[in-house]
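Please open the model in your viewer and keep the selection tool at hand. We will go from one selection to the next, pausing at each stop to see what is there.

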Amino acid sequence: MPVARPETSDARVIAHVDMDCFYVQVEQRKQPELRGLPTAVVQYNEWQGGALIAVSYEARSCGVKRSMRGEEAKAACPEIQLVQVPVARGKADLNTYRSAGSEVVGVVSILAQSGKCERASIDEVYLDLTDAAESMLADAPPESLESIDEEALKSHILGMSREDGDDFKESVRDWICRKDADRRDKLLGCGIIIVAELRKQVLKETEFSCSAGIAHNKARSYLFSKLASGMNKPAQQTVVPYAAVQELLSSLPIKKMKQLGGKLGTSLQTDLGIDTVGDLLQFSETKLQEHYGINTGTWLWNIARGISGEEVQGRLLPKSHGSGKTFPGPRALRSLSNVQHWLNQLSEELYERLSSDLEQNKRIASTLTLHASAFRSKDSDSHKKFPSKSCPLRYGVAKIQEDAFNLFQAALREYMGPFGPKPQGNKKETWRITGLSVSASKIVDIPSGTSSIMRYFQSQTTIPSCSASGFPQEHVAVTPSASESCSEQKSAETLPAMPEEDITVTYTSPDLDNSYRDIDIVLEKDASCQSNEAKEFPTQSGTQTKTIGRKINNSKEKNRGMPSIVDIFKNYNASPQAKEETQEDSTVSLTSNRGNLSSSTNHSSEVNQEVEDRRDTEWGYKVGEIDQSVFDELPYEIQRELRSFLRPNKRPNSGKSKSGDGSASSSIAHYFQPLKR
DNA sequence: ACGGATCCTACG
DNA sequence: TCGTAGGAT
């Protein structure tokens, strides 16, 4: 699973910042009355009071633990406040937490402007503060400061004996300011001050408290930010000096290490008889490689020594979006139309999130994947894996819904295999669906400032046929996108008709205002979705926009079903330098109900300029190289826009000035740009 | 090198 | 527990 990365440079300063019981804090910010009370966030309420997914520190001290049910929590702590995760479309809706998460990432990335910042999860970031720490050491080393921040003095310095009160803070100060310290430790000392300041700012800007680990690499900072915050208290920061690493690891239970909490960790315990990380040291690198393969073996050898060369990626946005739901036990889905109903819900949510991503971050996803889990009762291998399927992603709710359903049916046929779709003349299916999810991946940036492209995709979101005409439509037409790209290419073969119940399925489709309205559609009895004569939605009178994907497919053999514009952007974005600059293009949506921190003003011009600088040299396509038939199929506005992109007016190469005024300041404010309101 | 499918891991 | 994510193979 894990892979080894040799340590590249010696003295990095890496911080892992982790929000304390994040969902609880989000709810407490929304409902300040809850602050200070034992609180937990639960998801669903029906069964045993719902499942706890986040627990406040007050509740933890009452003995409430994550992965208790709501009722257990009430028993352990009668005064606990249980807040429910919002529900939308019949499923948990995590959007409020997601946007609070991007709010945090946005603030952190701005504060850490001088260093790389990586969104590690909804509430965690890694920071590479090496440069900031080095500049501080050069310009304003801690010992030169007249006073050290109180927050910094509260840090835990591992390996340092801990006494209470001022003595403790005094010794922290001494450690930070020690003149004869190892350079690596001095850098960590700077890291302490920087992170303390950053955490204070995050609290001020977002009202969320967080904990942090500061060390020389990701593995160490992660581990100790987790260990420390998991211990007892929120809002802690922990430093791992070089010299303390070995001893701390030596007695650390192996299962506590990231990546070793599961099967691999268990295997180490049982197969090698190991309990602590220190125990791993006895095994030679080759021995570990023999047991666990070359990659995992070397990784283990390294991690036992706290070595990890993994770099902090400058990525502030997620790499995929997914929407899923489980249907445990008796709630398992037993009919195709029920599956379709839920796929429609999930697809709707997914589309909504793709739309925001497009709007806010100018990104488009290009792959749609369907995952499901299932079992077949009353049969030998009742727990065969349900295969995943993917296809090119077409923008538009109805398209995603269609494609998802088609992917599902393809997967189901494969899953059922020889059993065939209709094993007995019985009424009910033999399969049960216990989980469904749709996800969108391979997300690429599109050049900013191309407004017509935005309009193009927006127009794609309207369903021309039914919403305008009001005619009931048979909506399960096969589209080339999903059906052709599914594994079974025997397109000529008529697929076995799936039994379909008479049922009213609610389709929802966005109208022009992006608000949703419901349209009831009665599925035909034999909605043998499977006629492979691709039925196109009747191209609607009013709509200019064409489904470019298909037409292009006809003229261009490869890339079936893939909107060519995605190809173009993909190629564009594949240019070597284009990425890694996620720092600057931090169009992270700072959709806070309080401050509106649009980070753009400062940066966007710079980004645009950069984009323009690369145009001529780094576009994967030159205008003449784009297949004319592809180009012609694009909406006129986009053609025009692309032409202007492809033939840029050359501008003087203004070497991207490293932001920062260069004025040396003795204040740490130098390392942070205060947020402007 | 790349992409689809599968598996594993982690966490609120 | 569920709903999401990321990474390795």
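Begin by selecting the open sheet of 4 strands in this predicted model, whose order is E12-E15-E13-E14 and whose pairing is antiparallel. Strands of a sheet pair through backbone hydrogen bonds, which may run in the parallel or the antiparallel sense. Now colour strand E12 (321-326) and strand E14, which stand at the edges with a single partner strand each, so that one side of each has no neighbour in the sheet. If you turn the view, you can follow how neighbouring strands are turned against each other, by 15 degrees on average when direction is ignored.

Next, select strand E13 (residues 363-376) together with E14, since these two pair in the antiparallel sense over 4 bridges. Which residue of E14 is the bridge partner of Leu368? The partner to look for is Cys391.

Keep the sheet on display and add the helices that accompany it. Helix H14 (residues 336-361) packs on the sheet, where it touches E12, E13 and strand E15 (431-445), and its direction makes about 20 degrees with that of E15. Helix H15 (residues 397-416), for its part, lies across E13, E14 and E15, and runs at about 35 degrees to E13.

Now move to a pair of helices, H5 (residues 130-139) and H8 (residues 183-206), whose axes come within 9 Å and cross at roughly 105 degrees. An angle from 65 to 115 degrees counts as roughly perpendicular, and H5 and H8 are therefore roughly perpendicular to each other. To see their contact, show the side chains of residues including Ala132, Met136 and Leu137 of H5 and Leu187, Cys190 and Ile194 of H8. The residues of this contact divide into 8 nonpolar, 1 polar and 3 charged.

The last stop is DNA strand B, which has 25 residues around it, and of these Tyr23, Tyr222, Gln259, Ser388 and Ser390 come nearest. Among the elements that each supply at least two residues of this surface are helix H1 (22-30), helix H9 (218-231) and strand E14 (389-392), the edge strand you coloured earlier. The surface is made up of 10 nonpolar, 5 polar and 10 charged residues.

Which parts of DNA strand B do its atoms within 4 Å of the protein belong to? Sugar or phosphate accounts for 86% of them, and bases for the rest. Zoom in on the phosphate oxygens to find a polar side-chain atom of Ser390 at 2.7 Å from one, an N or O atom in the side chain of Lys442 at 3.0 Å, and a polar backbone atom of Leu260 at 3.3 Å.

Methods
Residues numbered from 1 in each chain as written. Chains lettered and ligands numbered in written order. Predicted model: local features only at pLDDT ≥ 70, side-chain atom pairs only at ≥ 80, totals over all residues. Heavy atoms only, no water. Near = heavy atom within 4 Å. Polar contact = N/O pair within 3.5 Å; in protein donor to acceptor, adjacent residues only side chain to side chain. Nonpolar A, V, L, I, M, F, W, Y, C, P; charged D, E, K, R; others polar. Axes fitted to C-alpha atoms, helices over the stretch in contact; angles between N-to-C directions. Parallel < 35°, antiparallel > 145°, perpendicular 65-115°, else oblique. Contact = heavy atoms within 4.5 Å. Pairing = 2+ DSSP bridges.
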